[in-house]
There are 2 protein chains.
Amino acid sequence: MTHKLLILSELADQYRTLVEEAQLPDLVIESAPTPEIDIVLGEPSRIKAALASLPALSWSQSIWAGVEPLLDPASRRNYILTNARGVFGRLMSEYILGYLLAHERKIFQRLEDQKNKRWDDSDTGTLRGKTIGLLGVGSIGADVARAAKFFGMNVRGYTWSSETSADVDKYFHGSDLLEFAHGLDYLVNILPNTKDTRKIINAELLNVLPPHALVINVGRGSAVDESALLEALNQNKIAGAVLDVFEKEPLPKDHPFWTTPNLLITFHTSAPSLPEDIAKIFIENYKLFIEGKPLKYQVDFEKGY
Amino acid sequence: MTHKLLILSELADQYRTLVEEAQLPDLVIESAPTPEIDIVLGEPSRIKAALASLPALSWSQSIWAGVEPLLDPASRRNYILTNARGVFGRLMSEYILGYLLAHERKIFQRLEDQKNKRWDDSDTGTLRGKTIGLLGVGSIGADVARAAKFFGMNVRGYTWSSETSADVDKYFHGSDLLEFAHGLDYLVNILPNTKDTRKIINAELLNVLPPHALVINVGRGSAVDESALLEALNQNKIAGAVLDVFEKEPLPKDHPFWTTPNLLITFHTSAPSLPEDIAKIFIENYKLFIEGKPLKYQVDFEKGY
């Protein structure tokens with residue numbers, strides 16, 4: 001049997017090249033929806049928009065980790081949905097370490113100095129000996145913990161119960177949240193969006209951080225109580241924050257985060273889906289698919305992950 | 001015998017506290033030069049200025065790696081000079097990784113986006129799979145190589161003959177310089193200032209780098225042919241440069257480096273002498289000193305290191 005693949009992505013050309021190079025058996029790549037297409041590789045929102053014109057769809061490979069658009073109970077669910085996993089840890093670590101180093105090594109201040117032709121040879125800080133607290137230690141958190149250890153940090157981890165990463169020096173669970181946060185130099189949220197993680201970074205938590213603390217959110221926007229964070233930043237209760245995710249994305253133009261002092265924002269770009277990474281997942285899953293074996297990274301439509 | 005120590009540093013109070021905490025035997029810390037002072041801990045230029053008023057000086061511990069002011073043949077040399085070593089590798093790695101991550105993860109562009117309220121969710125790059133070339137692989141270079149490997153880079157090393165770091169994938173020597181540089185994503189100079197390293201980063205070397213290459217100099221300013229680098233940047237022959245050291249420091253106000261596009265400068269701050277690091281070296285050396293044993297990190301006045 002010949003399988004027919006539709007690629008629905010801004011980077012469709014790159015994905016087509018990578019899939020073609022793999023010379024997968026019995027696979028034809030189509031350029032537009034047809035009633036025979038049984039496989040889709042792409043961005044969840046584009047897949048959702050195409051569902052009605054793909055009656056034969058039996059497997060969708062999302063190129064992102066998040067598949068919220070496809071979880072809508074009103075949408076079709078009679079196909080296998082797989083997402084991207086296992087490739088984001090190192091990218092998240094790069095992002096987090098990049099911003100921690102920018103903070104400690106005064107990278108932005110040095111640029112201002114340069115603009116002002118000011119030779120400022122005052123000492124900068126270092127990551128070594130600092131304490132980082134990870135809200136969530138799954139596969140991504142474990143990679144961040146490893147990077148933090150590499151740079152000589154003390155690592156605390158907050159999880160519901162698991163203690164799987166050996167790079168975490170001390171674990172905290174459940175009601176230990178404030179104890180976990182007390183005295184942290186850096187607080188990093190990597191938790192997924194669930195009812196238990198909503199506004200976990202709230203006024204109470206921010207209050208136990210020291211004034212030099214930096215908060216980074218690469219998990220989900222819902223984890224942050226936005227008004228509490230704004231207050232903490234505006235009153236210098238913490239030194240700064242770096243946010244990659246927000247309650248509403250794109251962030252509305254009139255949102256105060258754009259102009260809050262000591263707040264850096266990025267645009268849900270901390271862990272990009274790189275085509276070479278995601279194509280590998282698709283290729284591996286395609287081989288399982290044609291052999292009738294279970295696919296990797298299947299999403300449970302009810303649980304949402 | 002009681003030893004008398006003078007601390008000559010901008011951070012003298014910090015050093016005094018750290019040395020006092022060590023409760024070293026037979027040591028008195030003086031606040032100003034006296035004829036009895038036999039030990040000095042401080043910055044080389046301040047030590048040089050005080051030499052005439054320290055007739056009993058028998059050991060100077062520099063808090064910096066570079067001791068050029070004290071090498072002046074016209075200056076006294078009848079004392080043991082030790083410098084700071086072994087503590088700068090990880091700090092240099094932090095600096096280099098910080099700027100590499102800022103480059104790949106578009107940290108400066110994201111800040112501009114934020115100022116312009118522009119939600120730019122285009123993908124960023126990654127360190128993984130990139131090739132870094134280290135000019136000089138001593139103890140500092142070895143640490144940078146280890147950090148580069150940690151982030152999944154390919155590592156080339158250029159040395160006169162040594163091949164001591166296992167984190168270097170391929171070594172180049174002597175006349176292999178252009179082959180070493182060919183196709184590098186990142187070129188990092190860590191070489192000390194010797195006659196063989198003067199202007200090693202010249203037009204010929206810059207010409208073999210690809211247009212997306214980033215050049216970082218944390219070694220000595222003399223390693224860079226400044227006009228060749230200016231030309232390479234102004235003509236977009238390379239993507240950018242980060243310089244921490246210069247032929248003349250502080251960099252003169254009218255130097256074009258302050259305003260050259262795609263050039264970031266810092267102020268000889270890539271590896272700060274952190275008092276907690278340097279005090280440890282002093283304390284260890286003091287214990288050797290009072291036992292009459294050879295001190296660590298002695299500088300040969302003739303060789304200059």
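Reader: What follows H6(A), and what is the sign of its phi?
Author: Gly152(A) comes after H6(A), and its phi is positive, near 80 degrees. A helix is a DSSP run of H or I with at least four residues, a strand is a run of E with at least two, and both are numbered from the N terminus. This is a predicted model, in which local features need pLDDT of at least 70, side-chain atom pairs count only at pLDDT 80 or more, and totals for chains, interfaces and linings use all residues. Residues are numbered from 1 along each chain as its sequence is written, while chains are lettered from A and ligands numbered from 1 in the order in which they are written.

Reader: How do you know what H6(A) should span?
Author: The expected span is 1.5 Å times one less than the number of residues. For the twelve residues of H6(A) this gives 16 Å; the end C-alpha atoms are 17 Å apart, which agrees.

Reader: Why is Ile278(A) said to be buried or exposed?
Author: A residue is buried if 20 or more other C-beta atoms, placed from the backbone, lie within 10 Å of its own, exposed if 12 or fewer do, and partly exposed in between. Ile278(A) has 25 such neighbours inside 10 Å, so it counts as buried. Ile278(A) lies in helix H10 (residues 275-290) of chain A. In H6(A), the buried residues include Ile140(A), Val144(A) and Ala148(A).

Reader: Which residues does Ile278(A) touch?
Author: Contact requires C-beta atoms, placed from the backbone, within 7 Å. Leaving aside residues up to four places away in sequence, Ile278(A) touches Ile63(A), Ala84(A) and Ser273(A).

Reader: What makes E8 and E12 of chain A edge strands?
Author: Two strands pair if DSSP finds at least two bridges between them. The open sheet of seven strands in chain A has the order E8-E7-E6-E9-E10-E11-E12, with parallel pairing. Strand E8 (170-173) and strand E12 (263-265) each have a single partner strand, so one side of each is left without a neighbour in the sheet. Within the sheet, four bridges join strand E6 (residues 131-135) to strand E9 (residues 186-189) of chain A; Leu134(A) has Val188(A) as its bridge partner in E9(A).

Reader: Why is the relation between chains A and B called a two-fold axis?
Author: Copies are superposed by least squares on the C-alpha atoms of residues with pLDDT of at least 70 in both. A rotation of 180 degrees with 0.0 Å of shift along its axis brings chain B onto chain A (RMSD 0.0 Å). That is the relation of a two-fold axis.

Technical notes: Contact = placed C-beta atoms within 7 Å.
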